[in-house]
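Please look through the sequence and the model below before reading on. The briefing that follows takes up a few topics in turn, and it helps to find each residue in the viewer as it is named.

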Amino acid sequence: MRGPRTHTARRLIPAACCLLAIAGCGQASHGAGSTAVPKTPKKIQVGGAPIGLLAYNGALWVADAQSNRLLRVEPGSDRVTARVAVGQTPLRIVAFRGSIWSTDFRGGTVSQVSPSALRRVATVRVGPQPEGIVAFGPDLWVVSQQGGYLDRVDPGSSRPATHID
């Protein structure tokens, strides 16, 4: 037996398809007679081995796994405006409580960076090969690839608060 939700969904699907067809799914036509010119993406050379990317406070932050640095790029200048040393092989980046945090894959740490001072202000030991990082609630959570660890980091004390196997 189908409930009212199934009936409503069946009515909405054709309507959504019609809207997408009318809107052209957001794609511009470049067929005969069209004057639209496709845009070429802007490329900013950062060098190294860029892995992670974060937009924070009007700047882009790039994790460069080759130089062990976070690079600040200001989109208006189209160039790298700062290079901040972090731990070994930074991969992922997150902004939390006014700081930028990176996982340091080969170092088994996460680095806390002050975006205003442009320097690393703390290093926290976590499980081996930290790969993912996310801000959730009052803490940071870091998942480690080797061994399947999950660490909860208290950003106020810059120490791991919980280690979950």
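With which residue does R92 form a salt bridge, and how far apart are the closest N and O atoms? In this predicted model, the partner of R92 is E131, and the closest N and O atoms of the two are 2.7 Å apart. R92 lies in strand β5 whereas E131 lies in strand β9 (residues 130-136), so the salt bridge ties together parts of the chain that are 39 residues apart in sequence.

**Confidence in the model**

- The mean pLDDT of the chain is 82, and 75% of its residues reach a value of 70 or more.
- Over residues 5-9, however, the pLDDT is below 50, and this stretch has 0 contacts in the model beyond near neighbours in sequence.
- Residues 12-29 also have a pLDDT that stays under 50, and for them the model has 3 contacts beyond four places in sequence.
- Where pLDDT is low, the predicted coordinates should not be read in detail.

**The open sheet of four strands**

- An open sheet is formed by 4 strands, which follow one another in the order β5-β6-β7-β8 and pair in an antiparallel way.
- Strands β5 (90-96) and β8 (119-125) stand at the edges of this sheet, and because each has a single partner strand, one side of each is left without a neighbour in the sheet.
- From one strand to the next, the twist averages 25°.
- Strand β5 and strand β6 (residues 99-104) run antiparallel and are joined by 5 bridges, and V94 stands opposite W101 in β6.

**The hairpin of β10 and β11**

- Strand β10 (residues 139-144) and strand β11 (residues 149-154) run antiparallel, with 5 bridges joining them.
- Within this pairing, the bridge partner of W141 is R152 in β11.
- The hairpin has 4 residues between its strands, and G147 takes a positive phi near 90° there.
- R152 also forms a salt bridge with D139, in which the closest N and O atoms are 3.0 Å apart.
- Since R152 lies in strand β11 and D139 in strand β10, this salt bridge ties together parts that are 13 residues apart in sequence.

**Salt bridges and how exposed their residues are**

- The count of salt bridges in the model comes to 4, and among them are R92 with E131, R152 with D139, and R72 with E74.
- In the pair of R92 and E131, both residues are partly exposed, since R92 has a relative accessible area of 30% and E131 has a relative accessibility of 22%.
- In the pair of R152 and D139, R152 is partly exposed at 24%, whereas D139 is buried, with a relative accessible area of 8%.
- The side chains of R72 and E74 meet at 3.2 Å, N to O; here R72 counts as buried because its relative accessibility is 17%, which lies under the 20% cut-off, while E74 counts as partly exposed at 33%.

**Two buried residues and their surroundings**

- Is V73 buried or exposed? V73, which has its place in strand β3 (residues 69-74), counts as buried, because its relative accessibility is 2%.
- V73 and L60 are 13 residues apart in sequence, yet their C-alpha atoms are 5.0 Å apart in space.
- Leaving aside residues up to four places away in sequence, V73 touches I44, V46, A59, L60, V62, R79, V80 and T81.
- S144, found in strand β10, is likewise buried, with a relative accessible area of 2%.
- The side chain of S144 reaches the backbone oxygen of G127 at 3.1 Å, and a polar atom of that side chain lies 3.5 Å from the backbone oxygen of P128.
- When residues up to four places away in sequence are not counted, S144 touches G127, P128, Q129, P130, E131, Y149 and D151.
- One of these contacts leads back to the opening question, for E131, which S144 touches, is the salt-bridge partner of R92.

Conventions
Residues are numbered from 1 along each chain as its sequence is written. This is a predicted model: local features need pLDDT of at least 70, side-chain atom pairs count only at pLDDT 80 or more; totals for chains, interfaces and linings use all residues. Side-chain values use heavy atoms; hydrogens and water are left out. pLDDT is the predictor's confidence in each residue, from 0 to 100. Contact means heavy atoms within 4.5 Å. Two strands pair if DSSP finds at least two bridges between them. Helices (H or I, at least four residues) and strands (E, at least two) are DSSP runs, numbered from the N terminus. Axes are lines fitted to C-alpha atoms, for helices over the stretch in contact, and angles run from 0 to 180 degrees between N-to-C directions. Buried means under 20% relative accessible area, exposed over 50%, partly exposed in between (1.4 Å probe, protein chains only). A polar contact is a pair of N or O atoms within 3.5 Å; within protein, one must be able to donate a hydrogen and the other to accept it, and residues adjacent in sequence count only if both atoms are side-chain atoms.
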